[in-house]
Amino acid sequence: MNNFARIKPLFKLKTVAYYSVCIEDNDVTLYQEFVEKHTLENKNKLYHIQKWLQLIGEKYGAQNRFFRNEAKNADTSALPPIGKDRKPYYVEYGKKKANNLRLYCLKANSNVVFLFSGDIKTTQKAQDCPNVRKHFNLANALTKAIDNAFRENDIIWNEDCTLINCDEDFILYY
């Protein structure tokens, strides 16, 4: 395992705390890179995913029904959820459309979500898509490492399981 990451808190809303990771010596998280890229390339699709993050974080909590199952060898998920007829809608040229931008993540529990990265999905299976394959594989590797870090108590829950704690210098190997 030569690859490593550091966990970084992103933002906390009413019911969900969002985290991401910085890969190796990068100070920018995967989620921040995702936002920067898609703010320029896919602004409306990104905004749709961010509306889901806000709705989940403020109103509902991280429930399974809001996440796509993207598990390969770990409990990886993605946003937006399946279904173009679910509010908030993604609208293109005045019509509700399916948003093919994927943000891979880990729903650790109903109060904690790790946000990774993603891209425009162009095929039925993520493994077959040249755009999302590397993001899908990385998210699954990170999810597996984070799950293992919880089992090993390198990452622990706070008293009411709404936040996580780990040493400031904790390194996540994946």
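**A walk from the sheet to its aromatic rings**

In this predicted model, strand 1, which covers residues 4–12, runs antiparallel to strand 11 and is joined to it by two bridges. One residue that takes part is F4, whose bridge partner in strand 11 is Y173. These two strands belong to an open sheet of seven strands with mixed pairing, arranged in the order 3-4-7-8-2-1-11. At its edges lie strand 3 (68–69) and strand 11 (172–173), each of which pairs on one side only.

Across part of this sheet lies helix 1, made of residues 30–41, which covers strand 1, strand 2 (17–23), strand 7 (103–107) and strand 8 (112–115), and which runs at about 90 degrees to strand 2.

From strand 8 the reader can move on to D119, which is found in the loop between that strand and helix 3 (133–151). D119 has a relative accessible area of 10%, and because buried means under 20%, D119 counts as buried. Leaving aside neighbours within four places in sequence, D119 is in contact with several residues, among them F34, K37 and H38, as well as N100, L101 and R102. With K37 there is also a polar contact between the two side chains, at 2.8 Å. D119 and Y173, by comparison, stand 54 residues apart in sequence and 24 Å apart in space, taken from C-alpha to C-alpha.

The aromatic rings offer another way through the structure. A pair of such rings is described by the distance of the centres and the angle of the planes. The count of aromatic pairs comes to nine. In one of them, the rings of F11 and Y18 have centres 4.9 Å apart and planes at 45 degrees, so this pair is tilted. F11 is partly exposed, with 31% relative accessibility, whereas Y18 is buried, at 1%. Tilted, too, is the pair of W52 and F66, because their planes stand at 45 degrees, with the ring centres 5.7 Å apart. This pair links distant parts of the chain, since W52 lies in helix 2 (residues 43–60) and F66 in the loop between helix 2 and strand 3, 14 residues apart. W52 counts as buried at 2% relative accessibility, and F66 counts as buried at 3%. Ring pairs also link F11 and Y18 with Y31 and F34 into a cluster.

Charged side chains meet rings as well. The charged end of R65 sits over the ring of Y60, 5.3 Å from the ring centre, while K96 lies over the face of Y89, at 4.2 Å from the ring centre.

Conventions
Residues numbered from 1 in each chain as written. Predicted model: local features only at pLDDT ≥ 70, side-chain atom pairs only at ≥ 80, totals over all residues. Heavy atoms only, no water. Pairing = 2+ DSSP bridges. Helix = DSSP H or I, 4+ residues; strand = E, 2+ residues; numbered from the N terminus. Contact = heavy atoms within 4.5 Å. Axes fitted to C-alpha atoms, helices over the stretch in contact; angles between N-to-C directions. Buried < 20%, exposed > 50% of the residue type's maximum accessible area, 1.4 Å probe, protein only. Polar contact = N/O pair within 3.5 Å; in protein donor to acceptor, adjacent residues only side chain to side chain. Phe/Tyr/Trp six-rings, centres within 6.5 Å; stacked < 30°, edge-to-face > 60°. Lys NZ or Arg CZ within 6 Å of the ring centre and 35° of its normal.
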